[in-house]
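Trainee: I have a structure open and would like to go through it with you. Could we begin with the empty spaces inside?
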Amino acid sequence: MTAKQDIKPELVRPAGNLPALRAAVDAGGDTVYLGFRNATNARNFEGLNFSREEAEEGIRYAHQHGSRVFVAVNTSPDPRDTAPWTESVDMAGELGADAIILSDMALLEYAREKQPKLRRHLSVQASAGNYEALNYYQREFGIQRAVLPRVLTMDAIREVCSKSTVEIEIFVSGGLCVMTEGRCWLSSYITGDSPNMNGVCSPAHAVRFEEEDGRLDVKLDGVLINQFDPDEAAAYPTLCKGRFEACGKQGHVMEDPFSLNALEMLPEIFAAGVHGLKIEGRQRSKHYVREVVSTWRSAVDACALNPNEYTVQNEWMDSLNATSEGGAHTAGAYVDEWR
Amino acid sequence: MTAMKIAVGPLLFGWPEQKISEFYLELAEQAEADIFYLGEVVCSKRSISGVPWQVRLAERLQQSGKEIVLSTLAMPTTEAELQYIRDIVTAAAEMGLTVEANDLSAVAIASERGAVFIAGPHLNLYSNGTVKHLQKQGAARIVLPLELPASEIPTVVGSNDVQVEYFAHGHLPLTFSARCYAARAHGLSKQDCRHVCFMNPDGIEMDTLDAHEFATINGTQVMSYQPFSTLNHTADLANYGVDVLRISPQSQGTAEVIRQFGAVIAGKTTAGQALQELAGTRSVTEAFCNGYYYGKQGRLWIQSE
């Protein structure tokens, strides 16, 4: 086995549609991930994702340019009609995807049986955040890689990498889930639709903006989740980043509207032996994808060249902050102070 | 069909150990409750005396003749937390008890040792195939995900030979996080939390900016504001194949909730009356939520037809 420390992690980039896929591929190497246009993946947003034909074209384009393609089928199958999920697994195999990202155990079993040559990756939606769980998925379902929930510290990531032969992929950039993915029901508590069952969080159909006395009220299925002053920038109204009141204080009770940005952790991430650096944002534009991927490409290449002398360039930070929701960033759970 | 059993779920809130012991020992005298889950699920920092303390309490509860289950953490990420789970699995085996697995790590640890376990509500059992897999690994009973509509229970369980438990009453545990929201609300960090969650035995109220009740902060967890209740659906749940109804404890009124569930199951009172008893001076609509039962918004109360 190659020592994990010898590996330069690959950038795993989001593609919500064909233009974004091309932008991601053109902006530099490695891998893109995508989902089909239905409830089988965790970004089941209107106007997003790939038909069979688009996926075929996208995979062809990526492969021609040396990129791999991962396909996410990471929601829970409808108990009464699992066909869209099993068909998606088969479609990924038939179209020559390089890996399939799954969370449901029954689908993992299905994929192993029906598409044995297709690499199986464990989705972040499976909430596997320790080596015992990962080794179990490896033993039982032959997973080759797992995406870790965004709730582990660097110490915990190091431990997982050292005690499991499953390749590890972590989120480094984009939207920050502050709750363990796959174990968060906040969205269905408010709107009836959840990431696990519907592939959505705080879905657009439930969002209403109402102006009152110059102030902008943001409601999710009628529940006030934020208020903005006229001069304040309003990002997409994700429930956990809303403003509420607790202990007599109003504010971001759960999480500030920051994006995840792990640029400063890159040498530590390399040293830990992480295989994949995942950029969130299949719902974002091709311009966003191009900008963010180019920045991360420069950072990863710089770190690979000489991790000891790696320093975060101001222009990288500026570029990520300019494109991030909320205009500010955090390294989230990767640093202790956040917790 | 045998009568549905009543389980007292693991205490999800953070309390001092003395208070937990007294609470469970008192409830154990209540005839209507058949099963007691014991152990920390939400935050490992709350457990001060660790497994030996939990074992002593379990031994005392065993004398009541109830079925005792040792619950385990839902989000272990450190070696110390995994060891905590291993120690509980070991202790359970020595005492002849079952563990509730709330993470795949606990499933892995229990199944490696050939131990029977209960698959908890945080394992994401949304599909028949997943239930089948866990049953083969040793799951004797499964607790379904909270947001799964009750009408899907027969499909998800299918012909698998497992007992079925349903989260039937209590604040819904909606999330797990690395961050402690109780510490944050009190201006503290998780590292230096000083067990601030112990100050609020039923959590901290979180409201919307227009002063509507929204949710409950329970340390690293966010819960529903209202307790969820399916007290008026016990017969439907029995028809869906549910064997055990879980009541999630809180500091006030848990004994009364158990009594009312027992009375409804035994046919001694009507569900409507029992619900109104529990709601007290409030209307049932204000006092409880049940949307998930119908596959709707979890926060809502939906009137049965």
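Mentor: Certainly. Please keep in mind that this is a predicted model. The largest cavity holds about 160 Å³ of space.

Trainee: Which residues are closest to the centre of the largest cavity?
Mentor: They are B:Ile20, B:Gly39, B:Glu40, B:Ser47 and B:Trp53, out of 15 residues that line the largest cavity.

Trainee: Which helices of chain B each supply at least two residues of that lining?
Mentor: Those are α1, residues 17–27, and α2, residues 50–62, both in chain B. The largest share of the lining, 3 residues, belongs to α1(B).

Trainee: How do the lining residues of the largest cavity divide by class?
Mentor: The lining of the largest cavity has 8 nonpolar, 4 polar and 3 charged residues.

Trainee: How many cavities of 30 Å³ or more are there in the structure?
Mentor: There are 7. The second largest cavity has a volume of about 140 Å³. Of the 16 residues lining the second largest cavity, A:Ser103, A:Gln125, A:Ala126, B:Leu123 and B:Asn124 are the closest to its centre.

Trainee: And what classes do the residues around the second largest cavity fall into?
Mentor: Its lining consists of 5 nonpolar, 9 polar and 2 charged residues.

Trainee: How does one find such empty space in general?
Mentor: A probe the size of a water molecule is rolled over the atoms, and this shows where empty space is left.

Trainee: Let us turn to the pockets. How much space lies in the second largest pocket?
Mentor: The second largest pocket offers about 460 Å³. It is lined by 27 residues, and those closest to its centre are A:Arg339, B:Thr77, B:Thr78, B:Glu81 and B:Lys190.

Trainee: Which helix gives the largest share of that pocket's lining?
Mentor: Helix α6 of chain A, residues 154–163, contributes 4 residues, the largest share. By class, the lining of the second largest pocket comprises 12 nonpolar, 8 polar and 7 charged residues.

Trainee: Now chain A as a whole, please. How many helices and strands does chain A have?
Mentor: Chain A has 11 helices and 15 strands. Its C-alpha atoms fill a box of roughly 60 × 55 × 40 Å along the principal axes, and 61% of its 339 residues count as buried.

Trainee: What does the radius of gyration of chain A agree with?
Mentor: A compact globule of 339 residues would have a radius of gyration near 20 Å, and the 19 Å of chain A agrees with this.

Trainee: I also noticed β8, β9 and β10 in chain A. What do these strands form?
Mentor: They form an open sheet of 3 strands in the order β8-β9-β10, with antiparallel pairing. At the edges stand β8 (207–212) and β10 (223–228) of chain A; each has a single partner strand, so one side of each is left without a neighbour in the sheet. Neighbouring strands of this sheet are turned by 25° against each other on average, direction ignored.

Trainee: Over how many bridges do β8(A) and β9 of chain A pair?
Mentor: The two strands pair over 6 bridges, with β9 covering residues 215–220. A:Glu212 stands opposite A:Arg215 of β9(A).

Trainee: One last residue: is B:Leu70 buried or exposed?
Mentor: B:Leu70 has 1% relative accessibility and therefore counts as buried, the cut-off being under 20%. B:Leu70 lies in strand β3 of chain B, residues 67–71. Between B:Leu70 and B:Val89 there are 8.1 Å in space, C-alpha to C-alpha, although the two are 19 residues apart in sequence.

How values were computed: Residues are numbered from 1 along each chain as its sequence is written. Chains are lettered from A and ligands numbered from 1 in the order in which they are written. This is a predicted model: local features need pLDDT of at least 70, side-chain atom pairs count only at pLDDT 80 or more; totals for chains, interfaces and linings use all residues. Side-chain values use heavy atoms; hydrogens and water are left out. Two strands pair if DSSP finds at least two bridges between them. Axes are lines fitted to C-alpha atoms, for helices over the stretch in contact, and angles run from 0 to 180 degrees between N-to-C directions. On a 1 Å grid over the protein atoms alone, a cavity is a set of points where a 1.4 Å probe fits but cannot get out, and a pocket is an open set with protein on both sides within 12 Å along at least five of seven lines; lining residues have an atom within 4 Å of a point. Grid points are joined across faces, edges and corners, and a volume is the space filled by probe spheres set on the points. Ala, Val, Leu, Ile, Met, Phe, Trp, Tyr, Cys and Pro count as nonpolar, Asp, Glu, Lys and Arg as charged, and the others, Gly among them, as polar. The radius of gyration is taken over C-alpha atoms; the globule rule is 2.2 Å times the number of residues to the power 0.38. Buried means under 20% relative accessible area, exposed over 50%, partly exposed in between (1.4 Å probe, protein chains only).
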